[in-house]
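Open the model in your viewer and keep the selection panel handy. We will walk through it one selection at a time.

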Amino acid sequence: LLGPNVRRLPAEAAARGEIALTIDDGPQPEVTPQVLDLLDAAGARASFFVVGAEARRHPALLRAIVARGHAVENHSMHHLRRFAALGPKRMRAEIVDAQHCLADLTGRAPTFFRPTAGLRSPLLEPILASLDLHLASWTRRAYDTRRGDAAKVHAVLADGLAGGDVLLLHDGNAARTAAGRPVILEALPRLLASMAQRQLRSVTLASVIPPRT
């Protein structure tokens, strides 16, 4: 009733053993460069759902994400907690402002949108359709903005991991481990190792899902 929603990759990508790592709420200067290094070391590609206001503060990080083979996608301009309760004018502005900001910074307009916490309303789909944006959610998440135990984060994401899955992690707003380290930096290497053991390859959403028209 709320419109199409990308929760899994197409069957052809799943058959090739491809999954999508999606990373939200950045860019974050303390965390994002380290995430990029981890992905590079594993030869993995990710889709970064970035907040427009944060991207504007850290444009070099946006350029680094793209230069290193990853995709930048739209996670709204201000990541408002009440995004799903906004009226149509304000909701559209949050999406359009981020779309313009990210296109200006990277040279490519995003083709996917993810609302704050994945929450949406009946107002969202007509806006996305008018902008040719896919809505993207996930197959599973580990609540790594609240859960600081890297072993548990990894366990949730790796349980039953198979081709076609779309996984959600956070470089912005990441929970901290007991040692004070952003949990993604401890969980991601474990996840990448699990992917390698299962002969799975992470690709960007845009590389396997055609633009919406």
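Contact here means heavy atoms within 4.5 Å. This is a predicted model, in which local features need pLDDT of at least 70, side-chain atom pairs count only at pLDDT 80 or more, and totals for chains, interfaces and linings use all residues. Residues are numbered from 1 along each chain as its sequence is written, and side-chain values use heavy atoms, with hydrogens and water left out.

Start by selecting V35. Beyond its neighbours within four places in sequence, V35 is in contact with I23, F48, D171, I184, L185 and L188.

Now widen the view to the largest nonpolar core (buried Ala, Val, Leu, Ile, Met, Phe, Trp, Tyr and Cys residues joined through side-chain atoms within 4.5 Å; buried means under 20% relative accessible area, exposed over 50%, partly exposed in between, with a 1.4 Å probe and protein chains only). This core has 33 residues, and L21, V35, L39, F48, L188 and L191 touch the most other members. Among the elements that each supply at least two of its residues are β1 (18–24), α2 (32–42) and α8 (183–197); helices (H or I, at least four residues) and strands (E, at least two) are DSSP runs, numbered from the N terminus. Helix α8 gives the most, with eight residues.

Next, select D40 and R68. They form a salt bridge (a side-chain nitrogen of Lys or Arg within 4 Å of a carboxyl oxygen of Asp or Glu), with the closest N and O atoms 2.8 Å apart. D40 lies in helix α2 and R68 in the loop between α4 and β3 (71–74), 28 residues apart.

Finish at R57 and E54, whose side chains meet in a salt bridge at 2.4 Å, N to O. R57 is exposed, at 54% relative accessible area.
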